[in-house]
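The following explanation accompanies a sequence and its model. Please keep both in view while reading.

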Amino acid sequence: GSDPAVRASKAFWPQDVTLVEEWIHDLTQYLPNIASFIIPAGGLICCQLHVARTICRRTERSLVLLNGVEGVDPVALQYVNRLSDFLFAAARLAQHLDGGGDTPVRRRAVWSPRS
């Protein structure tokens with residue numbers, strides 16, 4: 001909106017989501033495609049970014065629950081979702097720049113009772 005009062009009352013705009021998506025694209029162009037789930041691990045910066053991502057995901061879940069009680073701006077939900085994806089991409093890039101790579105999750109043998 002062009003009204004400054006409306007702009008001040010709204011925290012997130014669709015162009016904010018688009019900007020974060022551009023940041024994600026900028027980071028992921030330097031990374032290999034993900035072929036499987038990866039373990040969030042690495043150096044200090046990488047781990048700090050994964051912790052921030054975890055907090056962001058927790059915030060997203062809280063917003064979804066709040067949305068069930070009272071309306072939450074859908075753009076805010078999109079923004080927080082994309083922000084957590086940005087933090088994931090940033091953590092992966094930090095790990096790669098630190099000389100590491102993605103650590104894929106290895107399948108464990110599934111326990112089953114014998115007959």
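A nonpolar surface patch is made of residues with over 30% relative accessible area and no salt bridge, whose nonpolar side chains are joined within 5 Å. In this predicted model, Phe37, Ile39 and Val105 form such a patch, with about 330 Å² of accessible area together. Phe37 belongs to the loop between helix 2 and strand 1 (38–39). With a relative accessible area of 72%, Phe37 is exposed, because the limit for that class is over 50%.

A second phenylalanine, Phe12, lies in the loop between helix 1 (4–9) and helix 2 (14–28). Its relative accessibility of 23% makes Phe12 partly exposed. Beyond its neighbours within four places in sequence, Phe12 is in contact with Asp73, Val75, Ala76 and Tyr79. For one of these residues, Val75, the C-alpha atom is 6.1 Å from that of Phe12, although 63 residues separate the two in sequence.

Charged side chains provide a further set of links. The count of salt bridges comes to five. One of them joins Glu21 to Arg82, with the closest N and O atoms 3.6 Å apart. This pair links distant parts of the chain, since Glu21 is in helix 2 and Arg82 is in helix 4 (residues 74–97), 61 residues apart. Both partners count as partly exposed, Glu21 at 37% relative accessibility and Arg82 at 21%.

Within helix 3 (residues 44–69), Glu60 and Arg57 are three residues apart, about one turn of the helix. These two residues form a salt bridge whose closest N and O atoms are 2.9 Å apart. Glu60 is buried, its relative accessible area being 15%, whereas Arg57 is partly exposed at 26%. The pairs described so far belong to a wider arrangement: Glu21, Arg57, Glu60, Arg82 and Asp85 are linked in a network of salt bridges.

Another salt bridge is formed by Arg92 and Asp102, with 2.6 Å between the closest N and O atoms. Here too the pair links distant parts of the chain: Arg92 is in helix 4, and Asp102 is in the loop between helix 4 and strand 2 (103–104), 10 residues apart. How is Arg92 classed at 5% relative accessibility, buried or exposed? Arg92 counts as buried, because buried means under 20% relative accessible area. Its partner Asp102, at 25% relative accessibility, counts as partly exposed.

How values were computed:
Residues are numbered from 1 along each chain as its sequence is written. This is a predicted model: local features need pLDDT of at least 70, side-chain atom pairs count only at pLDDT 80 or more; totals for chains, interfaces and linings use all residues. Side-chain values use heavy atoms; hydrogens and water are left out. Helices (H or I, at least four residues) and strands (E, at least two) are DSSP runs, numbered from the N terminus. Buried means under 20% relative accessible area, exposed over 50%, partly exposed in between (1.4 Å probe, protein chains only). Contact means heavy atoms within 4.5 Å. Patches are made of residues with over 30% relative accessible area and no salt bridge: like charges are joined within 9 Å, nonpolar side chains (Val, Leu, Ile, Met, Phe, Trp, Tyr) within 5 Å. Accessible areas come from the Shrake-Rupley method with a 1.4 Å probe; for residues, only the protein chains shown count as cover. A salt bridge is a side-chain nitrogen of Lys or Arg within 4 Å of a carboxyl oxygen of Asp or Glu.
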